[in-house]
Amino acid sequence: MESYNTYMLECIELAKIALKKGNPPVGSLLVFEGKIIGKGIESGKSTGDITQHAEILAVKDALNNGYGDSLHESVMFSTHEPCIMCSYLIRHHKIARIIFGVSVPLVGGQTSEFKILETENIPKWGRKPEIESGVLQHECEQLNEQFAEYLINQKKL
């Protein structure tokens, strides 16, 4: 659990960068054999490109770093539960384990009605990933509160 906190604290730092740019506070890492192979900082709002989610960017970074063949043995860390779009990517690449801070019940790949992270009904996806949630949850929730305040202040302008 201690190593989880180390990686999650780095995700939180990435999420703070996203927040400073007006994005939801999401940071993500891919870890293979104790080494960070990919990093992602949420940037969908600031770029106007909805596909710029932290988890997708972490996978792209890992691919660019030459770790395409290792994704199925990697662990993804994220401040937030991967959304439906990101969950599809995770299942496509057969990422073995997902560790996240806070759930996203309406659009999350595990807690929404669209349980992409949990289904085993799609044969080519194989086994579902192991999932652990609530890691540094309080710290991740604090970032969400800061983002909510940011959105309220934006409406006042």
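Hi everyone, let's begin in the middle of this model, with its largest nonpolar core, which has 19 residues. Met8, Leu29, Phe77, Ile99 and Val135 are the ones with the most contacts inside this core. Please keep in mind that what we're looking at is a predicted model.

Where does that core come from? Five elements each supply at least two of its residues: α1 (2-20), β1 (27-32), β3 (75-80), β4 (97-102) and α5 (137-156). Helix α1 gives the largest share, eight residues. If you'd like the background, nonpolar side chains in soluble globular proteins tend to be buried together.

Now put your finger on Phe77. Setting aside residues up to four places away in sequence, Phe77 touches Tyr4, Tyr7, Met8 and Cys11, then Gly27, Ser28, Leu29 and Val31, and also Ile99. There is also a second, separate core, this one of 17 residues, and among them are Leu30, Tyr67, Ile95 and Ile98.

Let's move on to the sheet. In what order do the five strands of the open sheet come? They run β2-β1-β3-β4-β5, and the pairing is mixed. At the edges sit β2 (35-41) and β5 (130-132), each pairing on one side only. From one strand to the next, the twist averages 15 degrees.

Two of the pairings show what "mixed" looks like here. Strands β1 and β3 pair in the antiparallel sense, over four bridges. Within that pairing, Val31 has Val75 of β3 as its bridge partner. On the other hand, β3 and β4 run parallel and are joined by five bridges. There you can find Ser78 standing opposite Phe100 of β4.

Staying with β4 for a moment: how much of it is buried? Six of its six residues are, so β4 is largely enclosed by the rest of the structure.

Strand β3 offers a nice example too, in Thr79. Is Thr79 buried or exposed? Thr79 is buried, because its relative accessible area is 0%, and the cut-off for buried is under 20%. Leaving aside neighbours within four places in sequence, its contacts are Met8, Cys11, Ile12 and Ala15, followed by Pro25, Val26 and Gly27, and then Gly101, Val102 and Cys140.

Next, the helices around the sheet. Helix α3, residues 54-64, packs on the sheet and touches β1, β2 and β3. Its direction makes about 135 degrees with that of β2. The buried residues of α3 are Ala54, Glu55, Ile56, Leu57, Ala58, Val59 and Ala62. What covers them includes β1, β2, β3 and α4. Just after α3 comes Gly66, with a positive phi of about 85 degrees.

Then there is α4 (84-92). Its buried residues are Cys86, Ser87, Leu89, Ile90 and Arg91. The cover over these residues includes α3, β3 and β4.

Just after α4 we meet Lys94, which takes a positive phi of about 55 degrees although it is not a glycine. Lys94 lies in the loop between α4 and β4, and it is partly exposed, with a relative accessible area of 41%.

Another residue to look at for its backbone is Glu33. Where is Glu33 found? It is in the loop between β1 and β2. Phi of Glu33 is near 50 degrees, a positive value in a residue other than glycine. Glu33 counts as exposed because its relative accessible area is 69%, and the cut-off for exposed is over 50%.

My last stop is empty space. Rolling a probe the size of a water molecule over the atoms shows where such space is left. The largest pocket holds about 330 Å³. How many residues line the largest pocket? There are 17, and the closest to its centre are Pro24, Val26, His80, Val104 and Val107. Helix α5 provides the largest share of the lining, three residues. So that helix turns up in two places on our tour, since α5 also supplies at least two residues of the largest core.

That's the tour, and thanks for listening!

How values were computed. Residues numbered from 1 in each chain as written. Predicted model: local features only at pLDDT ≥ 70, side-chain atom pairs only at ≥ 80, totals over all residues. Heavy atoms only, no water. Core = buried A, V, L, I, M, F, W, Y, C linked by side-chain atoms within 4.5 Å. Buried < 20%, exposed > 50% of the residue type's maximum accessible area, 1.4 Å probe, protein only. Contact = heavy atoms within 4.5 Å. Pairing = 2+ DSSP bridges. Axes fitted to C-alpha atoms, helices over the stretch in contact; angles between N-to-C directions. 1 Å grid on protein atoms, 1.4 Å probe; cavity = no way out; pocket = protein on both sides within 12 Å on 5 of 7 lines; lining within 4 Å. Points joined across faces, edges and corners; volume = space filled by probe spheres on them.
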